[in-house]
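Here is a small set of exercises to work through with the model open beside you. Try each task before reading its solution.

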Amino acid sequence: MSTALPELEAEPAPHATSGRWAVLVGAGILLSRLAGLVRERVIAHYFGNSGVADALRASFRIPNLLQNLFGEGVLSASFIPVYARLLAGRDEAEADRVAASVGAALALAMALAVAVGMATAPWLVDLVAPGFSGDRRLLTVSMVRILFPGVGLLVLSAWCLGILNSHRRFFLSYAAPVLWNLVIIGTLLALGGRRSAESLAIAAAWGAVAGSVAQLGVQLPRTLRLASGMRPELRWRDPQVATVFRNFGPAFVSRGVVQLSAYVDQLLASLLPIGAVAALGYAQTLYTLPVSLFGMAVSAAELPAMSSALGAHDEVARQLQERLRPALRRVAFFIVPSAVAFAALGDVVTGAIYQTGRFHHDDVIYVWGILACSAVGLLASTLARLYASTWYALRDTTRPLRFAVVRLLATTGLGVLFAFPAPGWLGIDARWGAAGLALAAGMAGWVEFALLRRSLVPRIGRATLGHGFLLRLWASAGAAGALAWGVKLVLPGLPPVVAAVLILGPYGALYFAVAALLGVPESRALLRRVAMRLGR
């Protein structure tokens with residue numbers, strides 16, 4: 001629901017520090033994602049692309065619905081704009097009251113949701129993974145029941161993130177998941193050689209719960225110091241609290257629609273041959289890496305600043321547009337080469353991360369096919385985060401909801417078509433329907449992106465990348481990709497990690513060099529900073 005912006009005295013927005021904030025977010029996310037990749041490599045080593053890997057992947061996704069619905073995305077849309085605006089207006093006492101009320105409501109909701117989730121685990125598994133049966137289904141149900149309490153703690157961790165981000169304490173909140181990953185990794189390494197695959201999967205679920213405790217524990221002390229005036233209370237009638245909960249509803253439904261799209265993919269994948277759910281999960285882990293590092297980093301850094309924009313409507317619109325344009329360029333500069341790398345060199349990337357133990361070269365090719373299809377929508381999905389954040393800063397969560405519904409419908413319709421009849425039409429194995437699901441999601445992402453971008457024009461004016469800028473990025477990535485492909489063809493058989501260094505290293509260097517030659521300012525600035533550091 002849209003809430004009118006009050007007429008307030010304008011203050012200068014902190015443009016000079018937004019880049020530094022994005023770097024802090026990116027650094028925290030990078031550490032977290034690197035730990036996540038290590039976790040995924042260990043999982044691939046012990047479980048490969050087996051039925052147990054399917055069960056593990058599905059069991060983690062089901063309770064994560066709580067985290068995705070109540071966690072970071074929804075709180076960013078509803079809580080941060082209100083809380084950050086109160087801080088910008090120097091009303092710390094009211095900000096603390098809002099934070100306390102939101103935290104108390106979240107804790108109550110999580111206690112109820114966790115209890116319901118544990119009790120209904122068998123039905124949830126049948127709903128989300130109807131293709132599972134026998135031991136695979138029973139294992140999934142057992143792990144879902146174990147994981148639910150830990151995910152409830154992760155939602156409270158997201159509440160801490162909202163407070164920390166609003167106070168511009170970005171690094172801790174985004175680096176905290178490193179602990180969650182490390183506990184799971186430690187559990188697998190400690191028990192991996194002594195237990196069956198099924199027993200080890202159960203141990204990994206318990207490790208995830210212990211990791212959730214660690215992730216919340218490292219954030220909570222700093223959160224309580226920053227919001228020292230908080231007292232446990234529920235102030236339903238407070239106007240600011242009411243605004244949070246009023247915007248929470250559409251944001252919750254919008255996030256639910258996005259998550260429902262992912263669950264539809266898993267549901268359809270569970271009907272494909274064994275290994276499809278796991279392979280789709282492996283590919284999604286790689287796909288979300290640049291989305292998190294660049295799209296999420298920039299969006300998370302900009303949202304509190306956008307939400308703090310004060311002044312008349314025209315002044316607020318000008319400030320938002322001035323922030324959005326360079327943010328879009330920064331994101332596209334890194335996402336375009338990521339998409340090309342996934343499509344052309346996805347076997348190199350996948351092999352370096354996953355090829356070990358029970359994860360073989362055939363599995364690498366399978367995941368690469370899914371990853372390449374995912375790359376179709378990588379740029380659109382990432383830029384859409386920035387456009388959605390702009391609507392959230394305007395305290396309007398209904399527009400992103402509408403467009404998310406359109407994306408869900410497109411993903412579902414195309415997914416059914418591409419996952420089942422399409423492989424038969426093409427004469428390929430039915431398991432490649434998982435790649436069709438990824439392609440459908442990518443195409444639907446472009447629809448959502450176009451709708452979000454167009455809808456903002458009447459509110460803040462046009463904020464686009466420009467065809468010339470995008471053409472230079474794609475040309476740079478294409479030239480670099482052609483060279484890297486040639487290197488891949490002439491290299492002898494090497495260990496996957498060594499091959500990745502020799503192929504991806506020149507790819508990245510040439511991309512930055514060609515982009516600089518073509519006059520891309522972001523590349524020239526980056527190369528200057530590197531040269532200055534090397535010259536010290």
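**Exercise 1: A salt bridge within one helix**

The side chains of Glu94 and Arg97 form a salt bridge, with 2.9 Å from N to O. A salt bridge here is a side-chain nitrogen of Lys or Arg within 4 Å of a carboxyl oxygen of Asp or Glu. This is a predicted model, in which local features need pLDDT of at least 70 and side-chain atom pairs count only at pLDDT 80 or more, while totals for chains, interfaces and linings use all residues. Residues are numbered from 1 along each chain as its sequence is written, and side-chain values use heavy atoms, leaving out hydrogens and water.

*Task.* Work out how Glu94 and Arg97 are placed along helix α5, and classify Glu94 and Arg97 by accessibility.

*Solution.*
- Step 1. Helices are DSSP runs (H or I, at least four residues; strands are E, at least two), numbered from the N terminus.
- Step 2. Glu94 and Arg97 are about one helical turn apart, because they sit three residues apart in helix α5 (residues 92–119).
- Step 3. Buried means under 20% relative accessible area, exposed over 50%, and partly exposed in between, with a 1.4 Å probe and protein chains only.
- Step 4. Glu94 has 9% relative accessibility, so it counts as buried. Arg97 has 29% and therefore counts as partly exposed.
- Background: side chains of opposite charge can pair when their charged atoms come close.

**Exercise 2: A salt bridge across the sequence**

*Task.* Which parts of the chain does the pair Asp347 and Lys488 link?

*Solution.*
- Step 1. The side chains of Asp347 and Lys488 meet in a salt bridge of 3.3 Å, N to O.
- Step 2. The pair links distant parts of the chain, 141 residues apart: Asp347 belongs to helix α13 and Lys488 to helix α19 (residues 467–490).
- Step 3. Asp347 is buried at 17% relative accessibility, and Lys488 is buried at 16%.
- Step 4. For another pair, take Asp396 and Arg399, whose closest N and O atoms are 4.0 Å apart in a salt bridge. Asp396 counts as buried at 3% relative accessibility, whereas Arg399 counts as partly exposed at 25%.
- Step 5. Salt bridges also link Arg39, Glu40 and Arg57 in a network. A search of the whole structure finds eleven salt bridges.

**Exercise 3: The two sides of a helix**

*Task.* Why do the buried residues of α6 lie on the same side of the helix?

*Solution.*
- Step 1. List the buried residues of helix α6 (residues 121–128): Ala121, Pro122, Val125 and Val128.
- Step 2. They lie on the same side of α6 because they cover an arc of only 140 degrees around the axis. The arc is that of the directions from the helix axis to the C-beta atoms.
- Step 3. Turn to the face pointing away from the buried side of α6, where the exposed residues Trp123 and Leu127 are carried.

**Exercise 4: The nonpolar cores**

*Task.* Which residues touch the most other members of the largest nonpolar core?

*Solution.*
- Step 1. A nonpolar core is a set of buried Ala, Val, Leu, Ile, Met, Phe, Trp, Tyr and Cys residues joined through side-chain atoms within 4.5 Å.
- Step 2. The largest nonpolar core has 123 residues, and Phe47, Tyr282, Leu324 and Ile370 touch the most other members.
- Step 3. Helix α13 (residues 313–354) gives the largest share of this core, 21 residues.
- Step 4. Apart from this core lies another, of 33 residues, including Leu66, Ala121, Ala227 and Val244.
- Step 5. Contact means heavy atoms within 4.5 Å. Setting aside neighbours within four places in sequence, Ile370 contacts Ala279, Leu280, Ala283, Ala434, Ala435 and Ala438.

**Exercise 5: Around helices α14 and α18**

*Task.* Is Ser374 buried or exposed, and which residues does Ser374 touch?

*Solution.*
- Step 1. Ser374 belongs to helix α14 (residues 361–374) and is buried, with a relative accessible area of 9%.
- Step 2. Not counting residues up to four places away in sequence, Ser374 touches Tyr287 and Ala438.
- Step 3. Now locate Gly442 in helix α18 (residues 433–460); Gly442 is buried at 3% relative accessible area.
- Step 4. Gly442 and Cys373 are 69 residues apart in sequence, yet their C-alpha atoms are 7.3 Å apart in space.

**Exercise 6: The whole chain**

*Task.* How many helices and strands does the chain have?

*Solution.*
- Step 1. The chain has 21 helices and zero strands.
- Step 2. Of its 536 residues, 57% are buried.
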